[in-house]
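Got the viewer open and a selection box ready? Let's walk through this one stop by stop.

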Amino acid sequence: MENYYCIVTFHTTNHALTFEKVMKENKVDVKLMPVPRQVSSSCGTAAQFPCELKDEILKTCLEQHIEIDEVHKIEVKHS
């Protein structure tokens with residue numbers, strides 16, 4: 001069985017912390033985590049969120065001037 005989750009990466013840890021604070025204020029469930037090995041970024045912190053919230057999250061980032069690097073869809077393989 002395969003499933004997916006999405007992450008957003010950041011240029012700095014400060015951007016990740018700002019992202020987390022704003023999302024929690026907006027009742028969006030996100031979780032900070034280390035950047036997965038299959039993804040590289042200049043900052044080692046990413047935020048995990050359900051992929052169905054991607055548009056809402058990107059809109060909030062734009063409105064709140066939150067700097068993000070990229071959004072990635074991560075495949076989870078279960079054995």
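What follows is a short tour, with something to select at each stop.

**The whole chain**

Start with a cartoon view, and keep in mind that this is a predicted model. Colour by secondary structure and you should find two helices and four strands in the protein chain. Follow the ribbon along the sequence and the order reads β-α-β-β-α-β. Now switch to colouring by accessibility: of the 79 residues in the protein chain, 37% are buried. If you like contact maps, here is a number to go with yours. Take the contacts between residues at least 6 apart in sequence, and 72% of them join residues at least 24 apart.

**Select C6 and C51**

Show these two as sticks. A disulfide joins C6 to C51, with the sulfurs 2.1 Å apart, and the structure holds one disulfide in total. Which parts of the fold does the C6–C51 pair tie together? C6 lies in strand β1, residues 2-9, while C51 is in the loop between β3 (45-49) and α2 (54-64), so the bond links parts that are 45 residues apart in sequence.

Zoom in on the S-S bond itself. Its torsion is about 110 degrees, so this disulfide is right-handed. Then check how each end sits in the fold: are C6 and C51 buried or exposed? C6 has 4% relative accessibility, which makes it buried. C51 comes out at 22% and counts as partly exposed, because the cut-off for buried is under 20%.

While you have cysteines on screen, add C61. With a relative accessible area of 4%, C61 is buried.

**Select H72**

Next, go to strand β4, residues 71-77, where you will find H72. H72 has a relative accessible area of 18% and is buried. Expand the selection to see what is around H72: setting aside its neighbours within four places in sequence, it is in contact with Y5, C6, I7, T9 and V39. C6 from the previous stop turns up in that list, so keep in mind its place in strand β1.

**Select K73 and Y4**

Step along to K73 and bring up Y4 with it. What does the charged end of K73 sit over? Look at the ring of Y4: the charged end of K73 is over it, 4.6 Å from the ring centre. Elsewhere on the aromatic side, the structure holds one aromatic pair, which you can hunt down at your leisure.

**Select helix α1**

Now pick residues 13-25. Helix α1 has 13 residues and reaches 19 Å from its first C-alpha to its last, close to the 18 Å expected at 1.5 Å a residue. Show its side chains and look for the ones tucked away: H15, A16, F19, E20, V22 and M23 are buried.

Stay on α1 for its charged pairs. E20 and K24 meet in a salt bridge, with 3.6 Å from N to O. These residues are four apart in the helix, and so about one helical turn separates them. E20 is among the buried residues of α1, whereas K24, at a relative accessible area of 47%, is partly exposed.

For the other pair here, select E25 and K21. Their side chains form a salt bridge at 3.0 Å, N to O. E25 and K21 are also four residues apart in α1, about one helical turn. K21 is exposed, at 52% relative accessible area.

Before you leave, nudge the view just past the end of α1. There K27 takes a positive phi of about 60 degrees.

**Select E63 and K59**

Hop over to helix α2. How many salt bridges does the structure have? The count comes to three, and this stop has one of them: E63 and K59 meet at 3.6 Å, N to O. Being four residues apart in α2, E63 and K59 are separated by about one helical turn. E63 is partly exposed at 49% relative accessibility, while K59 is exposed with a relative accessible area of 52%.

**Select H11 and D69**

Last stop. H11 is in the loop between β1 and α1, and at 39% relative accessibility it counts as partly exposed. Draw a distance between the C-alpha atoms of H11 and D69. They are 58 residues apart along the chain, yet the separation between those atoms is 5.8 Å.

Methods:
Residues numbered from 1 in each chain as written. Predicted model: local features only at pLDDT ≥ 70, side-chain atom pairs only at ≥ 80, totals over all residues. Heavy atoms only, no water. Disulfide = S-S within 2.5 Å. Buried < 20%, exposed > 50% of the residue type's maximum accessible area, 1.4 Å probe, protein only. Phe/Tyr/Trp six-rings, centres within 6.5 Å; stacked < 30°, edge-to-face > 60°. Lys NZ or Arg CZ within 6 Å of the ring centre and 35° of its normal. Contact = heavy atoms within 4.5 Å. Expected span 1.5 Å × (residues − 1). Salt bridge = Lys/Arg side-chain N within 4 Å of Asp/Glu carboxyl O.
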